[in-house]
Amino acid sequence: SQPLHRDQIEAVVSAAVQKQPVVDMHTHLYSPAFGTPVPNAAGPVDPTGLLLWGLDELVTYHYLIAEVFRVVPATVLPYDTFFKMSKVEQADHIWKHLFVERSPISEACRGVLTTLHKLGLDVSDRKLDSARKWFKEQKPGDYIDKVMELANVESITMTNPVFDDGERERWLRGIKPDPRFQAVLRIDPLLLDWPAAAKKMASWGYGVSEEVGGRTIEEARRFLRDWIDKQNAIYLALSLPPSWRYPADPADAAARAGQAILEQVILPVCAERGLAFAMMIGSRRAANPALRDAGDMVGTSDVDSVTALAARFPGNRFFVTMLARENQHALAVAARKFGNLMVFGCWWFVNNPSLITEITKMRVELLGTSFIPQHSDARVLDQLLYKWDHSRKLIAGVLAEKYRDAVDAGWKLTTADIERDVALYLKGNFRNFL
Ligand code: RAT
Ligand code: ZN
């Protein structure tokens, strides 16, 4: 194929990024088999169902709950009063205060607009009624096809917290997810609160005790193997607070137990099964517990702990993302030193346009094509539409600039080259690292 002229690059990159189906490596989405609490045309809803989708879920996303409490503070509407309201009432409250009485220009507000726009729904009258009616007429099964096609997402990676009862029971009942949805065994309490995890595991028939050693290690490994098999998990994952250190502070008994579980249970089982381990580092949970999911904070974490782990366990592979902007540069440099470290995504509070551009540019400069630029973290199915739309445009913008620089230096670049690289970014780097 013909080498591209520098003026053609932007259009070619943008087309390639739009056209490339995404494998989304981290979401909180589920296939319909997990039940949905959203009223719809397919019949009865399951209030404990895990698949969130539709207008009221979009508008009550926890990012928007945090934002509405800034303009209607808890002194005016107490947290409990808000959370006791129905989904529809909560959505109406958020819509009124963040979309009608002021302009929806935050990234989370804009996300709702992009999503509705992509679905062809018009809310320019600033009313939700007709959109709400449209969503009620959808059937989740068909709707998933529509969203995945419109978002051009080919595979959705779930987050499956095994210590969560609603989730666990569904797997025990023998649920089989739609093959487009892949499971990830999420195990936060195992490392962060071993005594509580051990108590639960013991009640489920595993011979573990608070003391990490001998039989406890064997039984905890058996627990992980059983759940990897039950979920057919493609990797294991957890999130960690900014205070997490490896090696742990010897004076901190809880952290020492976590380290023992990591070194003697989690990583050996990952290695034995050939599975990667994902660490999402930097979320300080419940800075404002009354805000529930919306109450978590960001904190600067310790990249040296990540490099120490990657060095100590060369036979394991680690996916790592960090929440603080301040950590992004050192993390990208760390990935230059360790091939078993795969940097991924612009997570949560750095999943904003200005920061996605900054972080992606820096990662290309330090890591070339060898990282995973983004995951959606969607909690509501429809969010795939906006998260990927916004990210695709930003990633394409960064890549176009970098390709132009190469062409300016005399490199002959073809459309096929660009398509190959884009396939790595949106799919191949993740799949190959698995
Ligand atoms: O982005 C989010 O919605 C967060 O609440 C978390 O789910 C975070 O992404 C996580 O996976 O811990
Ligand atoms: Zn997440």
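This passage walks through a predicted model, from its metal site and ligand pocket to its nonpolar core and a few backbone details.

A good place to start is the zinc ion (ligand 2). Three residues of the protein supply its donor atoms: H26 and H28, each through NE2, and D377 through OD, at distances of 2.0 to 2.1 Å. Along the sequence, these donors follow the spacing H-x1-H-x348-D. H28 sits in the loop between β1 (22-24) and α2 (55-59), while D377 belongs to the loop between α16 (353-367) and α17 (383-408), so this pair ties together parts that are 349 residues apart in sequence. Both loop residues are shielded: H28 is buried, with a relative accessible area of 17%, and D377 is likewise buried, at 7%. For H28, the label applies because the value of 17% falls under the 20% limit for a buried residue.

The zinc donors turn up again around ligand 1. The residues surrounding this ligand are H26, H28, H62, Y63, R186, R285, W347, W348, D377 and R379. Polar side-chain atoms of the three zinc donors can each be paired with an oxygen atom of ligand 1: the distance is 3.1 Å for H26, 2.9 Å for H28 and 2.8 Å for D377. The protein covers 97% of the 300 Å² of accessible area that ligand 1 has on its own.

Turning to the interior, the largest nonpolar core contains 148 residues, and F277 and F319 have the most contacts inside it. Helix α17 provides the largest share of this core, with 11 residues. F277 gives a good view of the packing. Leaving out residues up to four places away in sequence, F277 touches I187, L236, A237, L238, L262, I266, L267, C270, R317, F318 and F319. The partners of F277 thus include R317 as well as F319, the latter being the other residue named for its contacts inside the core. Another core, of 5 residues, lies apart from the largest one; among its members are C346, V350, I356 and I359.

A polar side chain in a buried position also deserves a look. D421 is part of helix α18 (residues 415-433) and counts as buried, with 8% relative accessibility. Its side chain makes a polar contact of 2.7 Å with the side chain of Y403. Beyond its neighbours within four places in sequence, D421 is in contact with T369 and Y403.

Finally, several backbone features are worth checking in the model. Most residues other than glycine have a negative phi, and most peptide bonds are trans. Against that background, the peptide bond from Y246 to P247 is cis, with omega near -5°. P247 is found in the loop between β6 (235-240) and α13 (253-273). Positive phi values occur at N152, near 55°, and at A286, also near 55°; neither residue is a glycine. N152 lies in the loop between α8 (140-151) and β2 (153-157) and is partly exposed, with a relative accessible area of 22%. A286 lies in the loop between β8 (283-284) and β9 (297-298), and at 39% relative accessibility A286 is partly exposed too.

Terms used: Residues numbered from 1 in each chain as written. Chains lettered and ligands numbered in written order. Predicted model: local features only at pLDDT ≥ 70, side-chain atom pairs only at ≥ 80, totals over all residues. Heavy atoms only, no water. Donors = N, O, S within 2.8 Å, 3.2 Å for Na, K, Ca; no water. Helix = DSSP H or I, 4+ residues; strand = E, 2+ residues; numbered from the N terminus. Buried < 20%, exposed > 50% of the residue type's maximum accessible area, 1.4 Å probe, protein only. Core = buried A, V, L, I, M, F, W, Y, C linked by side-chain atoms within 4.5 Å. Contact = heavy atoms within 4.5 Å. Near = heavy atom within 4 Å. Polar contact = N/O pair within 3.5 Å; in protein donor to acceptor, adjacent residues only side chain to side chain. Areas by Shrake-Rupley, 256 points an atom, 1.4 Å probe, with all protein chains shown as cover.
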